[in-house]
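Q: I would like a close look at one part of this model, and a guided tour outward from there. Please start with a single contact and build up the picture around it.

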Amino acid sequence: MRRHLLAAATLAAFAAPVPALAQDADEAAFDERDGAGLTELADSLSNPERQRELAMMLRAMSEVLLDLPIAPLTDAVAEIAGEEAPRVDRDATLRSIAPEASRVPEEIEKNLPRAMEAAGTLAETMEVMLPQLRAMAERFSDTLPQRD
């Protein structure tokens, strides 16, 4: 049970900022014709200040998640699964039942900048590859049988 709760909390910590990252990607005004938005995205992901800000935000969010009562979460998961909820102390938190989870916020803050740097490099690479990928897609499309 502890593993499942730790996994759920970690997933929530990483998934929570996805809308903010998507908004940043939208603001980059990605132009599918020339990939101009990939440069801006790569620059944003490779920016040490942006990396630090996001790492600190995710660390703070994960600290909060570790201290939220887990009983409502276990009740909701059991209801979704159609099972009876395990008996959990109403004051229990993820930090209290899985003390090793307390290292997660520090790990996020430490590793997120490296992950963002790698994603920035991937965005730069995709921009370079975009013309070849487009040409490959066109050749593939040309080889498909035509429908009547």
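How far apart, N to O, are the side chains of Glu109 and Arg59 where they meet in a salt bridge?

A: The two side chains meet at 2.5 Å, N to O. A salt bridge here means a side-chain nitrogen of Lys or Arg within 4 Å of a carboxyl oxygen of Asp or Glu. The pair links distant parts of the chain, with Glu109 in helix α7 and Arg59 in helix α4, 50 residues apart. Salt bridges with shared partners join these two to Glu63, Asp67 and Arg95, making one network of Arg59, Glu63, Asp67, Arg95 and Glu109.

Before going further, a word on the model. It is predicted, so local features need pLDDT of at least 70 and side-chain atom pairs count only at pLDDT 80 or more, whereas totals for chains, interfaces and linings use all residues. Residues are numbered from 1 along each chain as its sequence is written, and side-chain values use heavy atoms, with hydrogens and water left out.

Back to the network. Arg59 also forms a salt bridge with Glu63, where the closest N and O atoms are 4.0 Å apart. Glu63 and Arg59 both sit in helix α4, four residues apart, or about one turn of the helix. Arg59 has a relative accessible area of 27% and counts as partly exposed. In these terms, buried is under 20% relative accessible area, exposed is over 50%, and partly exposed is in between (1.4 Å probe, protein chains only). Glu63, at 25%, is partly exposed, and so is Glu109, at 30%.

Helix α4 carries another pair. Glu49 forms a salt bridge with Arg52, with the closest N and O atoms 2.7 Å apart. Glu49 and Arg52 are three residues apart in α4, about one turn of the helix. As a general point, an α-helix has 3.6 residues a turn, so residues three or four places apart point the same way. Glu49 is partly exposed at 38%, and Arg52 is partly exposed at 41%. The structure holds seven salt bridges.

Now for α4 itself. Helix α4 covers residues 48-66, and at 1.5 Å a residue its 19 residues should span 27 Å; the end C-alpha atoms are 27 Å apart, which agrees. (The expected span is 1.5 Å times one less than the number of residues.) The buried residues of α4 are Gln51, Leu54, Ala55, Leu58, Ser62 and Leu66. Seen down the axis of α4, they fall within an arc of 105°, so they line one face of the helix. That arc is taken from the directions from the helix axis to the C-beta atoms.

Leu66 leads on to the interior. Leu66 belongs to the largest nonpolar core, which has nine residues and also includes Ile70, Ala71, Val88, Ala92, Leu94, Ile97, Ala98 and Ala101. A second, separate core of eight residues includes Leu54, along with Leu45, Ile108 and Met116. A nonpolar core is a set of buried Ala, Val, Leu, Ile, Met, Phe, Trp, Tyr and Cys residues joined through side-chain atoms within 4.5 Å.

Ala71, from the largest core, is also one of the buried residues of helix α5 (residues 71-81), with Thr74 and Ala78. Seen down the axis of α5, these buried residues fall within an arc of 65°, so they line one face of the helix. The face of α5 turned away from the buried side carries the exposed residues Glu79 and Ile80. Just after α5, Gly82 takes a positive phi of about 70°.

Helix α7, home of Glu109, covers residues 104-143 and also holds Leu122. At 53% relative accessibility, Leu122 counts as exposed. A little outside this thread, Glu40 lies in helix α3 (residues 36-46). Glu40 is partly exposed at 42%. The C-alpha atoms of Glu40 and Gly120 are separated by 9.4 Å, although the two residues are 80 residues apart along the chain.

To place this in the whole chain: there are seven helices and zero strands. Helices (H or I, at least four residues) and strands (E, at least two) are DSSP runs, numbered from the N terminus. Of the 148 residues in the protein chain, 24% are buried.
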